[in-house]
Amino acid sequence: ATTEIYTLSLHDALPISLCMNKTARMIGSIFIFCLWAAGCTVSSDSNLIFIGQYEGGALYQAGPVKVLSLRGTHYQMGRQYGALLKEDLNDLYDLAVSRYAGYGIGPERMLEVATAYYANFPPKYKAVIAGMAETSGLGLDRQIVVKGIEIIQKINGIVPAGNCSGAAVWGDFTGGAPLIFGRSNDDHPFFRSFGGYTVVAVFNPTDGGIPTAVVNYAGAIYAPTGLNRYGIFMELNSGNSGGGFSLARTPTVVSMFDILQSCATAAQADAAFSNLSVDISSIVNVSDLSGAASYECSLDAVKRRAADEPGLLVSTNHFRDPSWGIDPPSPEQDAENGWTLARLENALNWAQAEKGQANVEKMKDLLSRDIITQQGLYSSYTIYQIVAVPETLTLWLRAPDHFEWQKISLRNLFD
């Protein structure tokens with residue numbers, strides 16, 4: 001058997017094997033060109049444009065955003081991922097090496113830290129990375145570094161943890177329309193240049209697991225933000241319970257990917273979080289089609305915090321369950337705490353002002369406005385932002401400095 005990546009280039013293809021005969025290659029080229037000329041999309045209600053395919057996986061674009069639809073075993077999906085995003089993965093590796101060099105961190109130290117983080121990945125996610133390494137041209141060591149670009153600086157203590165925000169509205173707040181979740185993934189400006197490599201990867205496993213979409217940097221096989229076929233959405237914010245990293249545990253964001261692949265209901269996700277041991281202080285916000293809750297996670301315990309009121313959940317970076325016994329952040333120190341109090345107040349005030357008429361466009365507006373000058377959730381720390389409507393399996397994605405809001409319909413990418 002022979003294999004090629006078929007693309008919308010006016011060249012025949014990007015060949016992995018050159019032994020396919022010219023006639024077959026010409027037919028493939030004509031077919032792909034016709035798709036391109038017609039602006040082929042995955043469905044009539046989608047703006048995803050088909051770009052190419054490899055071994056059963058497919059690459060689409062929504063504007064500049066790369067969207068992968070992967071099918072097979074985790075290893076096979078890794079091979080598809082590596083081939084379809086080969087250029088991005090290599091470019092991101094080079095960018096990461098360059099950026100870390102400015103902090104005195106060389107490739108050897110990058111690999112050392114990334115390998116320590118990778119050590120506790122479950123076998124199925126190691127299989128994804130192994131498959132990627134075979135087709136991306138990076139090899140396993142450099143593929144592991146790409147997987148760990150976000151965590152290297154945190155373990156090295158180069159820059160502080162991120163300052164993410166999450167807000168969900170439903171019921172009376174949306175006037176009975178479907179639940180809307182807004183998420184701002186904020187981190188140190190060190191990562192701003194990586195934002196253009198934010199991709200959506202849809203994993204449809206044949207070796208066990210619920211189809212799940214992950215939003216992350218290219219090559220990062222874990223789920224700081226994810227949505228599964230049943231409409232379970234989750235996102236992670238950093239927490240304030242201290243304790244540093246526990247490298248002996250499975251990374252929390254990897255566990256989130258596993259929970260999304262395992263849980264079809266909010267009740268199942270709740271049971272999974274009750275047994276979770278996290279590797280870092282964090283707040284994981286989870287929604288289904290009809291509600292949302294926060295899981296405040298220290299290295300010692302996980303506590304579920306219900307909605308702020310029926311139809312509204314807001315979460316920033318400080319634990320709000322009083323049973324923790326953690327003093328609330330000081331307003332005088334809010335700036336050095338990433339404006340966790342200001343962001344909380346901005347989102348709560350926005351929700352009350354928009355009660356009964358909150359919608360996707362208004363959530364996008366909240367996320368796009370400056371924290372201090374416009375009472376929103378945006379700052380120079382914002383890497384990417386997401387609005388999700390789990391009921392319709394639809395995302396909107398924005399990465400400041402790289403691209404504005406792009407709609408991504410996932411329904412037809414899930415098996």
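# Two cavities and their surroundings

Lys154 lies in helix H7, where helices (H or I, at least four residues) and strands (E, at least two) are DSSP runs numbered from the N terminus. Lys154 counts as buried because its relative accessible area is 17%; buried means under 20%, exposed over 50% and partly exposed in between (1.4 Å probe, protein chains only). Between the C-alpha atoms of Lys154 and Gly244 there are 9.4 Å in space, while the two residues are 90 apart in sequence.

The model is predicted, so local features need pLDDT of at least 70 and side-chain atom pairs count only at pLDDT 80 or more, whereas totals for chains, interfaces and linings use all residues. Residues are numbered from 1 along each chain as its sequence is written, and side-chain values use heavy atoms, with hydrogens and water left out.

The chain has a mean pLDDT (the predictor's confidence in each residue, from 0 to 100) of 89, and 87% of its residues reach 70 or more. The stretch of residues 6–39 has a pLDDT below 50, and the model gives this stretch 41 contacts beyond near neighbours in sequence. Where pLDDT is low, the predicted coordinates should not be read in detail.

The secondary structure of the chain consists of 11 helices and 18 strands. Of the 415 residues in the chain, 56% are buried. Contact means heavy atoms within 4.5 Å; among the chain's contacts between residues at least 6 apart in sequence, 63% join residues at least 24 apart.

The structure contains 2 cavities of 30 Å³ or more. On a 1 Å grid over the protein atoms alone, a cavity is a set of points where a 1.4 Å probe fits but cannot get out, and lining residues have an atom within 4 Å of a point. Volume is the space filled by probe spheres set on the points.

The largest cavity encloses about 300 Å³ of space. Its lining has 23 residues, of which Glu150, Ile151, Lys154, Leu236 and Val253 are the closest to its centre. At least two lining residues come from each of helix H7 (149–156), strand S7 (180–186), strand S11 (233–238) and helix H8 (252–262). By class, this lining divides into 10 nonpolar, 7 polar and 6 charged residues. Here Ala, Val, Leu, Ile, Met, Phe, Trp, Tyr, Cys and Pro count as nonpolar, Asp, Glu, Lys and Arg as charged, and the others, Gly among them, as polar.

The second largest cavity has a volume of about 50 Å³. Its lining is made of Tyr81, Val199, Ala201, Phe203, Val214, Asn216, Tyr217, Ala220, Ile221 and Tyr222. Strand S8 (198–205) and strand S9 (212–217) are the elements that contribute two or more residues to this lining. The class count here is 9 nonpolar, 1 polar and no charged residues.

Glu150 links the two descriptions. Like Lys154, Glu150 is found in helix H7, and Glu150 is among the residues closest to the centre of the largest cavity. Glu150 counts as buried because its relative accessible area is 13%. Its side chain makes a polar contact with the side chain of Tyr222 at 2.8 Å. Such a contact is a pair of N or O atoms within 3.5 Å; within protein, one must be able to donate a hydrogen and the other to accept it, and residues adjacent in sequence count only if both atoms are side-chain atoms. Leaving out residues up to four places away in sequence, Glu150 touches Asp187, Phe191, Asn216, Tyr217 and Tyr222. Asn216, Tyr217 and Tyr222 also appear in the lining of the second largest cavity.

Two residues in the N-terminal numbering range can be looked at next. Gln80 is placed in helix H2 (residues 74–84) and is buried, with a relative accessible area of 1%. Apart from neighbours within four places in sequence, Gln80 is in contact with Tyr54, Glu55, Gly56, Gly57, Ser69, Leu70 and Arg71. Gln53 belongs to strand S3 (residues 49–54) and is partly exposed, at 33% relative accessible area. From Gln53 to Leu68 the C-alpha to C-alpha distance is 9.5 Å, with their positions 15 residues apart in sequence.

Backbone angles come last. Most residues other than glycine have a negative phi. Leu393, which is not a glycine, has a positive phi of about 55°. Leu393 sits in the loop between strand S16 (382–389) and strand S17 (394–399), and counts as buried at 6% relative accessibility. Asp401, also not a glycine, has a positive phi of about 80°. Asp401 is in the loop between S17 and strand S18 (403–409), and is exposed, with a relative accessible area of 63%.

Key: 1 Å grid on protein atoms, 1.4 Å probe; cavity = no way out; pocket = protein on both sides within 12 Å on 5 of 7 lines; lining within 4 Å.
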